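Q: Please take a close look at the aromatic rings in this structure, and describe how they pair and what sits over them.

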Amino acid sequence: MDAYLTRLADVIVRYSTEVQPGEWVVLRGEPEGEPLLKALYAAVLAAGGQPSLHLNPGWANYLLLARGNDAQLEFIPPLQEVAQTRADVIINVLAERNTRLLSNIPPDRQQHREQATRPLFERFMERSASGALKWCVTLFPTNAYAQDADMSLDEYESFVYRAGLLDDPDPAARWQEISARQQRLVEWLKGCDQVGIRGADTDLRLSIKGRTFINASGKRNFPDGEIFTGPVEQSVEGWVRFTYPALISGREVTGIELFFEDGRVVKASATKNESALLSLLETDPGARHVGELGIGTNPGITGFTRNTLFDEKIQGTFHLALGASYLDTGGQNVSAIHEDLVCDLHDGEIIVDGDLLYQNGDFVV
């Protein structure tokens, strides 16, 4: 495991974020992820960067949401603001001990906090789009994630490292090959307009006119494997039933079904924890619009794990994110949330300007 962590840290520092001498690198994560944070710290030092460590235990966020008054929910620690607005690189390590920690926190309190931190989130998106900030999100395997994925910890560790191609002698070279392959798809999509997504669980139409597809190949997420864009905000029409559950406000929401008119969710339902979904849609006006359309491309992620970092990358799926757009896609939707929802498309197709792009789980162009 130590060898894998060293290799993972090296890939993230030298390939994903390309840390340069003198750059301020903020490492964030929960204490459970200390082994990977330690490896990242060492890798940043080796690259000549200036690392600083910000530990964020889950219990701190829980106590704030459970007991904080309005003023405390709205307070932004100056240290957090400085890191978000001045760091050259931010690397986030997911390492939860309990993925259901916030299940009994009322959604409106979580939304209150999200609204308070929205200016920081928007600044983060702006700096990312301009190239002033490099960032990456990765994951350290914990028992909580393994349990969600119905695996033992050993099995989950193997799954995580296999998905990141860390069993290859030179994983960065493999990701560069993936980047080249996906770039051909991105080039094919340039200048396109009308997209239709049809399958057993979806019949959607939307426009990508003037928008840019991003080649996601291990730079901002690791592991990775998708291409994505921000659709024209008022263009989304139709219906989708998301195959996989989503974790919203600490609650597992299943059977999510959305109906769109003029780009806006006009009807929503779920078979479990529907109230969490409906509350999410009321966060702000942008929460009812789609900020991202993505298509998964990673064949190493073969099953659902209840973790979006992996599940949205499953080859044979597409996903929509409700809420904020990534500005470098040309998307203009603004929101305090960005909630990814994943749908299987192994028995469906994607048509772009009348041409078949994708069928039965794979690209055909």
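A: What follows deals with the ring pairs and then with the charges placed over rings. The model is predicted, so local features need pLDDT of at least 70 and side-chain atom pairs count only at pLDDT 80 or more, while totals for chains, interfaces and linings use all residues. Residues are numbered from 1 along each chain as its sequence is written, and side-chain values use heavy atoms, with hydrogens and water left out.

Searching the whole structure gives ten aromatic pairs (rings of Phe, Tyr and Trp, the last by its six-membered ring, with centres within 6.5 Å; planes under 30 degrees apart are stacked, over 60 edge-to-face, the rest tilted). One of them joins tyrosine 156 and phenylalanine 310, and this pair is edge-to-face because the ring centres lie 6.4 Å apart with the planes at 65°. Since tyrosine 156 belongs to helix α9 (residues 153–163) and phenylalanine 310 to helix α12 (residues 308–311), the pair ties together parts that are 154 residues apart in sequence; helices here are DSSP runs of H or I with at least four residues, numbered from the N terminus. Tyrosine 156 counts as buried (under 20% relative accessible area, with a 1.4 Å probe and protein chains only), because its relative accessibility is 0%, and phenylalanine 310, at 0% relative accessibility, also counts as buried. Both rings belong to a cluster in which ring pairs link Tyr145, Tyr156, Phe159 and Phe310.

Elsewhere, the charged end of lysine 219 sits over the ring of tyrosine 15, 4.2 Å from its centre, a description that requires NZ of Lys or CZ of Arg within 6 Å of the ring centre and within 35 degrees of the ring normal. The charged end of lysine 267 likewise sits over the ring of phenylalanine 259, at 5.1 Å from the ring centre.

Technical notes. Helices (H or I, at least four residues) and strands (E, at least two) are DSSP runs, numbered from the N terminus. Buried means under 20% relative accessible area, exposed over 50%, partly exposed in between (1.4 Å probe, protein chains only).
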